[in-house]
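The following note sets out points for a colleague's consideration. They are numbered so that each may be checked against the coordinates.

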Amino acid sequence: MPKRKRLRVKGIVQGVGFRPFVFRLAHNLNLKGFVRNTSAGVDIEIEGTESNIKKFSQLLIAKKPPPARIDAVSETYIPLKKEKKFIIKASRISRGFTQISPDIATCKDCIQEMNDPRDRRYRFPFINCTNCGPRYSIILNTPYDRKKTTMQKFRMCPDCAREFADVTDRRFHAQPDCCPVCGPHFTLYGINQKIIAVEDPVSETARLLRKGKIIAIKGIGGFHIVCDATNCTAVKKLRRLKGRPTKPFAIMARSGDLKKIVFLNNKEREFLNSPIAPIILLRKKNRIICEAVAPNNPYLGVMLPYTPVHHLLLEKIPYLIMTSANIQDEPIIKTENGVVTKLKDIVSFYLGHNRSIENRADDSIGFHLPGYGFSIIRRSRGYAPIPVELPFSVRPTLAVGPYLKNTFTLANKKDAYISPHIGDLDNLETLNFFKEMIKKYKRWFKIKPGIIGYDLHPDYLSTKIARQMPGKRIGVQHHIAHIVSCMAENKINDAVIGIAYDGTGFGLDKKIWGGEFFIGDIKNQRRVAHLEYLPLPGGETSIRKPYRIAIAYVYKLLNKTIKISNHTETEIIKKMIDNDRNLVYTSSMGRLFDCVSALLGITKEITYEAEAAINLEYTARKGIRAHYEYEFKDRDEITIDIAKILEGIIKDLENNVDKEIISAKFHNTVVKFTLEMVKKLSRIYYMKKVCLSGGVFQNRYLLKQIIKTLGNQGFDVYIHRKLPTNDGCISYGQAIIANIKAE
Ligand code: ZN
Ligand code: ZN
Ligand code: FE
């Protein structure tokens, strides 16, 4: 008895080779019917034997194309239609909108063709298919279609057109399909804009890199600045020219070469090889790579080649620094013009091409956390613009995000479209990028926000812009956004203990928060405990000079002077504190890490965000159990007082205890008081679930220890899974809270 079934598939199922896959699957199982794209996803109807229909349902999920993501399949039996064949039907798009796929790393089949001298795309640096290639970065408008991408100006040759129309071909409806006859091409230029006339500009680029040149290379979501990672002269020169003394650079290498420089397990290999092809932080193995790539850092940020041109380059030079092409904190450069004007003093050549990048996407970054999976630090290429699910249906909302590591969220119903990493909103270029992407997101996803969520910090540019937007404007406390974001990602509806260990966030009492404990459910968060308030001399500018924080904290708490700066500066800070003038009070955990890092003489001044805290983490010796004393005081809220911690550290310093041990003891102290506070709050409020959020949880020593200790005591610990624990998660939390408050 034949049957007929309708399957409605939701997820990332368009522009990723899903329909040809369905076609082949139905064909192999002798099923009749059709497949078509709809506004919601893909609709399939299949008719045939019951057992084959069952097999189809199983294989649909098990064998889906690698870049596809299936979120839900609803299946219903319907009356027979007795068709003779299986076909791909024209799309039925009602609102003119379908999900946009992120950019996808070059697939194995394409690499094989590119390396095959008999293939017509032999060594063609733009090879792609329905399973791989650019998507998000070339889109001008929705629905996704070649005419609405920056491939519009390339007319397909007859060979490509044939593949494009052939349902059995791997390039069926591959919108960026092209070949050496009809596609884009690379050109190598001197920074003076003169074309370097060579037959193979990619090989010439590799040759120049081997000679130690620094070159800008056009990728998927922007240009990279590239040089030989084993050439220390080149690396140091790049550091000097870019004005970036210590912040680590990422490395790109092929997997065979990668194994030689970092330790990696199977999970990590899987993430590296995934269609996202992110940068992963892995432990360094030896000294093949120049130390200046990531100085005093046990980790290297590494990625695999993810575009054809990367593969071609790495054949000739195994280890490349690939860092986003920009100056200072500006967004990644996406045009040849941008390279010429902004990078003229940094690179001597640039390898560009005539397909323009419409939408920027930096490389995504993360690390593997055993038991949890891939923990994201920067969510951009390979993710944007996949929506993250919301815990409940919301009205059209724009949440503008914070100041550092800005992302915004445009939300409607149960979808939160989180922007790619925008950056720090402190310069005109980044601000323009922010505005440009909001405009594009509204157009692509057809959302007209009536609710605007923003951070309470009055000085943030995002806040100032939000306050001028039409709609219902709702300010959201930074750390409540952190915690709610973590809760929503983990779909937690009941009340939790929320811990926000963070750098900076404007508090409800107008002080600077960052070491806070909350209790409550998603609708109602209340702060119940925090690190004691301590003075930042000269306000938030002292963040760049952690030694000033150390002087201030020690003087305030212990009435002592430490020799860490010159006499005059120390006296000025003491006077500020004595007179309670020009101070901002903070409960920030990030600042406490800064203070300790400076006290130990590890990092007195920083050149990038959180540098002092990061170096303190890397100093900590493993396997130390000792800790320092601390005190809880019951005031309106409970405070964690740190005088005894600083006292203990100074005593250890006087006794010449190793910094590695002091750092470990300090970390252990934070773990210990965190556990004690959680136990205390759990006894008062009867809660067993704990949510962690905030930039300080990027500290793996701390994160692993806190997860382990709380877990051992029977608490359920939740961390971010889909978004970064840093401020990259803020806009998502803002969107949710703004909706609740707008009711
Ligand atoms: Zn491919
Ligand atoms: Zn062609
Ligand atoms: Fe934050």
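1. The expected span of a helix is taken as 1.5 Å times one less than its number of residues. Helix 21 comprises twelve residues, 730-741, and should therefore span 16 Å; the C-alpha atoms at its ends lie 16 Å apart, in agreement with that expectation. It should be kept in mind throughout that this is a predicted model.

2. Helix 21 is largely enclosed by the rest of the structure, because eleven of its twelve residues are buried. Among these buried residues are Ile730, Tyr732, Gln734, Ile737 and Asn739. Their packing partners are strand 16 (388-399), strand 17 (409-418), strand 18 (451-455), strand 19 (472-476) and helix 13 (478-489). In orientation, helix 21 lies across strands 16, 17, 18 and 19 and runs at about 80 degrees to strand 16.

3. The sheet beneath this helix deserves its own description. It is an open sheet of four strands, ordered 17-16-18-19, and its pairing is mixed. Strand 17 and strand 19 are the edges; each has a single partner strand, so one side of each is left without a neighbour in the sheet. From one strand to the next, the twist averages 60 degrees. Strand 16 and strand 18 run parallel and are joined by three bridges; Thr397 stands opposite Ile451 in strand 18.

4. Helix 13 also contributes to a metal site. The iron ion (ligand 3) is coordinated at 1.9 to 2.8 Å by NE2 of His478, NE2 of His482, two OD atoms of Asp502 and an OD atom of Asp727. Along the chain, these donors follow the spacing H-x3-H-x19-D-x224-D. Since His482 belongs to helix 13 and Asp502 to strand 20 (residues 496-506), the pair ties together parts that are 20 residues apart in sequence. His482 and Asp502 are both buried.

5. Which residues coordinate the zinc ion (ligand 1)? The SG atoms of Cys107, Cys110, Cys129 and Cys132 do so, at 2.3 Å. The site is tetrahedral, with angles of 103 to 119 degrees among the four donor atoms. For reference, the ideal angle for four tetrahedral donors is 109.5 degrees. The donor spacing along the chain is C-x2-C-x18-C-x2-C, and both Cys107 and Cys110 are buried.

6. Arg170 should be considered together with the zinc site. It is situated in the loop between helix 4 (158-165) and strand 6. Its relative accessibility is 18%, so Arg170 counts as buried, the cut-off being under 20%. Apart from neighbours within four places in sequence, its contacts include Cys107, Cys110 and Cys129, which are zinc donors, as well as Asp109, Glu113, Thr130 and Asn131. The C-alpha atom of Arg170 is 54 Å from that of Asn668, which is 498 residues away along the chain.

7. A further open sheet has ten strands in the order 6-13-7-8-12-9-11-10-14-15, with mixed pairing. Its edges are strand 6 (186-190) and strand 15 (373-378), each of which pairs on one side only. On average, and ignoring direction, neighbouring strands are turned by 35 degrees against each other.

8. Within that sheet, strand 10 (residues 279-283) and strand 11 (residues 299-303) run antiparallel and are joined by four bridges; Leu282 has Leu300 as its bridge partner in strand 11. Helix 8 (residues 266-273) packs on the sheet, where it touches strands 10, 11, 14 (365-369) and 15, and its direction makes about 155 degrees with that of strand 10. Helix 6 (residues 232-242) lies across strand 8 (223-228) and strand 12 (320-324), at about 140 degrees to strand 8.

Notes. Residues numbered from 1 in each chain as written. Chains lettered and ligands numbered in written order. Predicted model: local features only at pLDDT ≥ 70, side-chain atom pairs only at ≥ 80, totals over all residues. Heavy atoms only, no water. Helix = DSSP H or I, 4+ residues; strand = E, 2+ residues; numbered from the N terminus. Buried < 20%, exposed > 50% of the residue type's maximum accessible area, 1.4 Å probe, protein only. Contact = heavy atoms within 4.5 Å. Donors = N, O, S within 2.8 Å, 3.2 Å for Na, K, Ca; no water. Tetrahedral: all angles 85-135°; square planar, octahedral: opposite > 155°, others 65-115°. Pairing = 2+ DSSP bridges. Axes fitted to C-alpha atoms, helices over the stretch in contact; angles between N-to-C directions.
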